[in-house]
Amino acid sequence: MLRPVQAMQKKIRTDIILTWIPFSGICLFFLLYYISTFFYPGGSWADKGAAGFSWLNNYFCDLLDEKAKNGQYNSARLPAIVSWVVLCISLSVF
């Protein structure tokens, strides 16, 4: 059986961990989503022939499509989906 001081210390550690999980998940989400922009083959709503991901002309949801706006296979889809899964799991703790 835990003493009151030990129980309180354990609760504080648990609270700290539960606080850092959502924060870490959000940071990891942004990092993975940023990395996935490098895999985007190209095209946007403004210019179908553009190369790569444009921060001005593409939407974040363009990374989740099966095909890029230029018609090619979207290789950025898998890391973008993984980043969303990380975000959902980490925020579920919140």
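The chain contains two helices and zero strands. The model is a predicted one. Of the 94 residues in the chain, 26% are buried. The chain exposes about 6800 Å², and 70% of this area is supplied by carbon and sulfur atoms. When contacts between residues at least 6 apart in sequence are considered, 51% of them join residues at least 24 apart.

Helix α1 covers residues 4-37. Helix α2 covers residues 77-93, which gives 17 residues. From the first C-alpha of α2 to the last, the helix reaches 25 Å, close to the 24 Å expected at 1.5 Å a residue. The buried residues of α2 are P79, A80, S83, L87 and S90. These residues lie on the same side of α2, because they cover an arc of only 100° around the axis. L78, I89 and S92 are found on the other side of α2, where they are exposed. The two sides of this helix can therefore be told apart by burial, with the buried set confined to one arc and exposed residues opposite. V85 also belongs to helix α2. With a relative accessibility of 43%, V85 counts as partly exposed. V85 and G25 are separated by 60 residues in sequence, while their C-alpha atoms are 9.6 Å apart in space.

Contacts of S36 link α1 to residues further along the chain. S36 lies in helix α1 and has a relative accessibility of 0%. Since buried means under 20% relative accessible area, S36 counts as buried. With its neighbours within four places in sequence left aside, S36 is in contact with L63, A76, P79 and A80. Two of these partners, P79 and A80, appear among the buried residues of α2.

Aromatic residues were examined next. A search of the whole structure finds 11 aromatic pairs. In one of them, the ring centres of W20 and F23 are 5.1 Å apart and the ring planes meet at 80°, so the pair is edge-to-face. Both W20 and F23 lie in helix α1, and they are three residues apart, about one turn of the helix. F23 is partly exposed, its relative accessible area being 44%. One aromatic cluster is formed by F29, F30, Y33, Y34, F38, Y40, F53, W55, F60 and W84.

W55, a member of this cluster, lies in the loop between α1 and α2. At 49% relative accessibility, W55 falls in the partly exposed class. Residues up to four places away in sequence not being counted, W55 touches Y34, T37 and F60. Of these, Y34 and F60 are also listed in the aromatic cluster. The C-alpha atoms of W55 and T37 lie 9.0 Å apart, and the two residues are 18 residues apart in sequence.

The loop between α1 and α2 also holds G71. G71 is partly exposed, with a relative accessibility of 43%. In sequence, G71 and G49 are 22 residues apart; in space, their C-alpha atoms are 9.4 Å apart.

Charged side chains form two salt bridges. One joins D62 to K69, with an N to O distance of 3.8 Å. The other joins D65 to K69, and here the closest N and O atoms are 3.1 Å apart. The residues taking part are covered to various extents. D62 counts as buried, at 1% relative accessibility. K69 is buried as well, with a relative accessible area of 17%. D65, at 28% relative accessibility, counts as partly exposed. The salt bridges share partners, and D62, D65 and K69 are thereby joined into one network.

Methods: Residues are numbered from 1 along each chain as its sequence is written. Side-chain values use heavy atoms; hydrogens and water are left out. A salt bridge is a side-chain nitrogen of Lys or Arg within 4 Å of a carboxyl oxygen of Asp or Glu. Buried means under 20% relative accessible area, exposed over 50%, partly exposed in between (1.4 Å probe, protein chains only). Helices (H or I, at least four residues) and strands (E, at least two) are DSSP runs, numbered from the N terminus. The expected span of a helix is 1.5 Å times one less than its number of residues. The arc is that of the directions from the helix axis to the C-beta atoms. Contact means heavy atoms within 4.5 Å. Accessible areas come from the Shrake-Rupley method with a 1.4 Å probe; for residues, only the protein chains shown count as cover. Rings of Phe, Tyr and Trp (its six-membered ring) pair if their centres lie within 6.5 Å; planes under 30 degrees apart count as stacked, over 60 as edge-to-face and the rest as tilted.
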